[in-house]
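Welcome, and take a moment to look over the chain before reading on. The report below walks through it piece by piece.

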Amino acid sequence: VLALRYYERSKRTQLVAEWREAEALGGSALQDAFVRWGRGMSFHEFELIFDDLPRHVVRGGWEPELLGEREIYREELALQRILDTARPDLPPAFSRYWLDIILTARPAERPPPHVRPWRLETSSSAQAGVVYSDTEVVLLNSSDSTLVVVLPSPSRRLVITAGGTDRDVALTVHQPAHGISLEGSARGNDRPLDLNFPQPANRYEIRAAEPTTVSFVGYVA
């Protein structure tokens, strides 16, 4: 199998490390690792089985419990932007690099709600100090910086990853339409801030107590 012969050339460091360990064990361990990692697939294969796929997907890969397990790649956000236009009916789990999906045998009456990635746009953030960096994360350069989040549909829930994994970052999220502010902290992807507001809104404002980065904002449509 070519994948096993040339896996050392892969840029996926975790794959290479795990397959090296498996190869060192001998026997069928490397083949088993290959099977566990799976092969490339997307929603097309699932639609061969499920006539109404969105109503079968209960949960997916943008849930906060998974953000610390699966690194967020900028390509995933770009793919979601495409799917929002081409296939808005699809659950957002299919824009992830890994397909972590819970399926039901019987379809739900209506598609379940999912955490969807926001586009990390800064065009609505007029204040200085909000920058979309070359690594494609948003920089809040001072405590006066405000990231304005304008959602395509109203949401009560926001999931935010900010800062690194070394310490907590205090955040304030304001909902101008209802005059409500909620506070909390995030620590990178491992500990996202998950907020639920009493009422849904399209517009939110995120501020940090210190300069930091925001790498993900999710919402539930």
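Let us begin with a charge and a ring. Arg70 lies over the face of Trp98, 4.3 Å from the centre of the ring. Another arginine does something comparable in kind: the charged end of Arg96 sits over the ring of Trp62, at 4.2 Å from its centre. Please keep in mind that this is a predicted model, and that every value here is computed from it.

## The chain as a whole

Stepping back, you will find 6 helices and 10 strands in the chain. Its C-alpha atoms fill a box of roughly 60 × 45 × 25 Å along the principal axes. The chain has 221 residues, and 38% of them count as buried. Take the contacts between residues at least 6 apart in sequence: 69% of these join residues at least 24 apart.

## Rings that pair

Aromatic rings deserve a look of their own. A pair of aromatic rings is described by the distance of the centres and the angle of the planes. The count of aromatic pairs comes to 8. One of them joins Tyr73 and Tyr97, a tilted pair with 5.4 Å from centre to centre and 40° between the planes. Tyr73 belongs to the loop between α5 (64-67) and α6, while Tyr97 belongs to the loop between α6 and β2 (102-103), so the pair ties together parts that are 24 residues apart in sequence. Tyr73 is partly exposed, with a relative accessible area of 33%, and Tyr97 is partly exposed too, at 44%. Elsewhere, ring pairs link Tyr7, Trp19 and Phe34 into a cluster.

## Helix α6 and its cover

The two loops just mentioned have helix α6 between them. This helix runs over residues 74-86, which makes 13 residues. From its first C-alpha to its last it reaches 19 Å, close to the 18 Å expected at 1.5 Å a residue. Which residues of α6 are buried? They are Arg74, Glu76, Leu77, Gln80 and Leu83. The elements that cover these buried residues include α4 (43-47), β3 (115-117) and β10.

## The nonpolar cores

The largest nonpolar core has 33 residues, and Leu147, Leu171 and Val214 touch the most other members. Five strands each supply at least two residues of this core: β5 (138-140), β6 (146-162), β7 (169-175), β9 (193-208) and β10 (212-220). Apart from this core lies another, of 11 residues, among them Leu4, Leu15, Ala29 and Leu30.

Leu171 is a good place to zoom in. Leaving aside residues up to four places away in sequence, Leu171 touches Ile160, Ala162, Leu182, Glu183, Gly184, Ala186, Leu193, Ile206, Arg207 and Ala208.

## A buried threonine

Strand β6 also holds Thr161. Is Thr161 buried or exposed? Thr161 is buried, because its relative accessible area is 0%, and buried means under 20%. Its side chain makes a polar contact of 2.7 Å with the side chain of Ser215. Beyond residues up to four places away in sequence, Thr161 touches Leu67, Gly188, Asn189, Pro192, Thr213, Val214, Ser215 and Phe216. Val214 in that list is one of the core residues that touch the most other members.

## Two helix residues near the start of the numbering

Ala33 has its place in helix α3 (residues 29-37), and Arg20 has its place in helix α2 (residues 13-25). Ala33 is buried, with a relative accessible area of 3%, whereas Arg20 is partly exposed at 46%. Not counting residues up to four places away in sequence, Ala33 touches Trp19 and Ala22, and Arg20 touches Tyr7 and Glu8. The table sets out how far apart two pairs of residues are, in sequence and from C-alpha to C-alpha.

| Pair | Apart in sequence | Apart in space |
|---|---|---|
| Ala33 and Leu4 | 29 residues | 9.8 Å |
| Arg20 and Tyr7 | 13 residues | 9.1 Å |

Tyr7 and Trp19, which appear among these contacts, are also members of the ring cluster with Phe34.

## A leucine with a positive phi

One last stop is Leu120, in the loop between β3 and β4 (130-132). What is the phi of Leu120? Leu120 has a positive phi of about 55°, although it is not a glycine. At 3% relative accessibility, Leu120 counts as buried.

Technical notes
Residues are numbered from 1 along each chain as its sequence is written. This is a predicted model: local features need pLDDT of at least 70, side-chain atom pairs count only at pLDDT 80 or more; totals for chains, interfaces and linings use all residues. Side-chain values use heavy atoms; hydrogens and water are left out. A nonpolar core is a set of buried Ala, Val, Leu, Ile, Met, Phe, Trp, Tyr and Cys residues joined through side-chain atoms within 4.5 Å. Buried means under 20% relative accessible area, exposed over 50%, partly exposed in between (1.4 Å probe, protein chains only). Helices (H or I, at least four residues) and strands (E, at least two) are DSSP runs, numbered from the N terminus. Contact means heavy atoms within 4.5 Å. The expected span of a helix is 1.5 Å times one less than its number of residues. A polar contact is a pair of N or O atoms within 3.5 Å; within protein, one must be able to donate a hydrogen and the other to accept it, and residues adjacent in sequence count only if both atoms are side-chain atoms. Rings of Phe, Tyr and Trp (its six-membered ring) pair if their centres lie within 6.5 Å; planes under 30 degrees apart count as stacked, over 60 as edge-to-face and the rest as tilted. A charge sits over a ring if NZ of Lys or CZ of Arg is within 6 Å of the ring centre and within 35 degrees of the ring normal.
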